Amino acid sequence: MDDYILGIGGSLEPDSRSEVLLKHMLAALEKQGGCTEMLSLREVGLPLYSEKSKQQALAQSFIDKAARAKAIVLCSPEYHSAISGVLKNALDFLSKDELSHKPVALMAVCGGAIGGTSAINNMATIVASLHGLVLPQHVIVEQSYRNVGEVLESKYLHRVEALAGRLITFSSQYGNNAA
Ligand SMILES: Cc1cc2nc3c(=O)[nH]c(=O)nc-3n(C[C@H](O)[C@H](O)[C@H](O)COP(=O)(O)O)c2cc1C
């Protein structure tokens with residue numbers, strides 16, 4: 001296992017707000033001493049999951065990257081009260097081999113003022129089924145540019161920084177490579 005925290009963004013949009021939010025999280029982790037790597041599913045171009053497509057070099061490289069990470073951050077847009085299809089497809093390539101006892105922080109971006117919880121619960125269910133360690137805290141941001149732009153609105157920035165700190169602490173206490 002390497003020392004990096006892997007951020008996986010769940011949108012294919014070139015101007016994805018959830019990807020912007022994920023970048024804020026990775027910056028907060030770096031600021032607090034974490035080493036991070038960003039994985040944009042738009043750039044990776046994974047095939048749809050099947051036993052056969054899992055053998056492709058692209059898929060194996062994704063699986064390997066997740067396996068070597070000491071912790072993971074998932075950030076999804078909420079689509080129809082669930083996570084995006086592209087993130088679900090990516091998670092289908094993973095198993096307990098990569099996720100077991102791995103700390104995972106969850107974040108979501110939603111369109112409405114009361115959205116996001118379903119996407120968080122959806123990710124928590126998937127990660128728990130793979131025996132990953134879901135942090136009890138998460139961050140949800142409503143999508144307006146004022147909230148998720150180059151500069152994150154301060155109340156969200158504080159939540160992101162707090163989640164980053166908790167992920168670093170959680171990883172050192174409970175992760176596979178805990179001291
Ligand atoms: C197909 C689709 C379904 C959506 N369903 C929901 C939803 O159920 N709840 C919600 O709050 N927002 C919903 N939205 C809004 C997105 O969550 C929101 O636009 C988000 O910012 C998209 O993230 P992205 O910019 O990273 O792609 C939906 C958007 C799309 C395209």
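These are my notes on the sheet, one helix, the ligand shell and one buried alanine in a predicted model.

**Sheet**

I began with the strand order. Five strands make an open sheet, running β2-β1-β3-β4-β5, and the pairing is parallel. I then looked up the edges: β2 (35-40) and β5 (133-142) each pair on one side only. On average, neighbouring strands of this sheet are turned by 20 degrees against each other, direction ignored.

I took the pairing of β1 with β2 in more detail. Strand β1 covers residues 4-9 and pairs with β2 in the parallel sense over 6 bridges. Within that pairing I looked up tyrosine 4, and its bridge partner in β2 is cysteine 35.

**Helix α4**

Which residues of helix α4 are buried? I found Val86, Leu87, Ala90 and Leu91 in this helix, which spans residues 85-92. Seen down the axis of α4, these buried residues fall within an arc of 135 degrees, so they line one face of the helix. As background, an α-helix has 3.6 residues a turn, so residues three or four places apart point the same way.

I next checked what covers the buried residues of α4. The cover includes the strands β1 and β3 (71-77). It also includes the helices α2 (41-44), α3 (57-68) and α6 (117-129).

**Ligand shell**

I listed the residues around the ligand, 17 of them, and noted that Ser18, Pro77, Cys110, Gly111 and Gly115 come nearest. The elements giving two or more residues to this shell are α1 (17-31) and β4 (103-110). Of the elements, α1 gives the most, with 3 residues. I sorted the shell by class and got 4 nonpolar, 9 polar and 4 charged residues.

**Alanine 105**

Since β4 contributes to the ligand shell, I picked a residue from that strand, alanine 105. Is alanine 105 buried or exposed? I counted 29 other C-beta atoms within 10 Å of alanine 105. The cut-off for buried is 20 or more, so alanine 105 is buried.

I then looked up the contacts of alanine 105, leaving aside its neighbours within four places in sequence. They are Val73, Leu135, Leu163 and Leu167. Val73 lies within the range of β3 (71-77), and Leu135 within that of β5 (133-142). In the sheet order, β4 stands between β3 and β5.

Last, I checked one distance from alanine 105. Valine 127 is 22 residues from alanine 105 in sequence, and their C-alpha atoms are 10.0 Å apart in space. Valine 127 falls in the range of α6 (117-129).

Key
Residues are numbered from 1 along each chain as its sequence is written. This is a predicted model: local features need pLDDT of at least 70, side-chain atom pairs count only at pLDDT 80 or more; totals for chains, interfaces and linings use all residues. Two strands pair if DSSP finds at least two bridges between them. Helices (H or I, at least four residues) and strands (E, at least two) are DSSP runs, numbered from the N terminus. Axes are lines fitted to C-alpha atoms, for helices over the stretch in contact, and angles run from 0 to 180 degrees between N-to-C directions. A residue is buried if 20 or more other C-beta atoms lie within 10 Å of its own, exposed if 12 or fewer, and partly exposed in between; C-beta atoms are placed from the backbone. The arc is that of the directions from the helix axis to the C-beta atoms. Two residues are in contact if their C-beta atoms, placed from the backbone, lie within 7 Å. A residue is near a molecule or strand if its C-beta atom, placed from the backbone, lies within 6 Å of it. Ala, Val, Leu, Ile, Met, Phe, Trp, Tyr, Cys and Pro count as nonpolar, Asp, Glu, Lys and Arg as charged, and the others, Gly among them, as polar.
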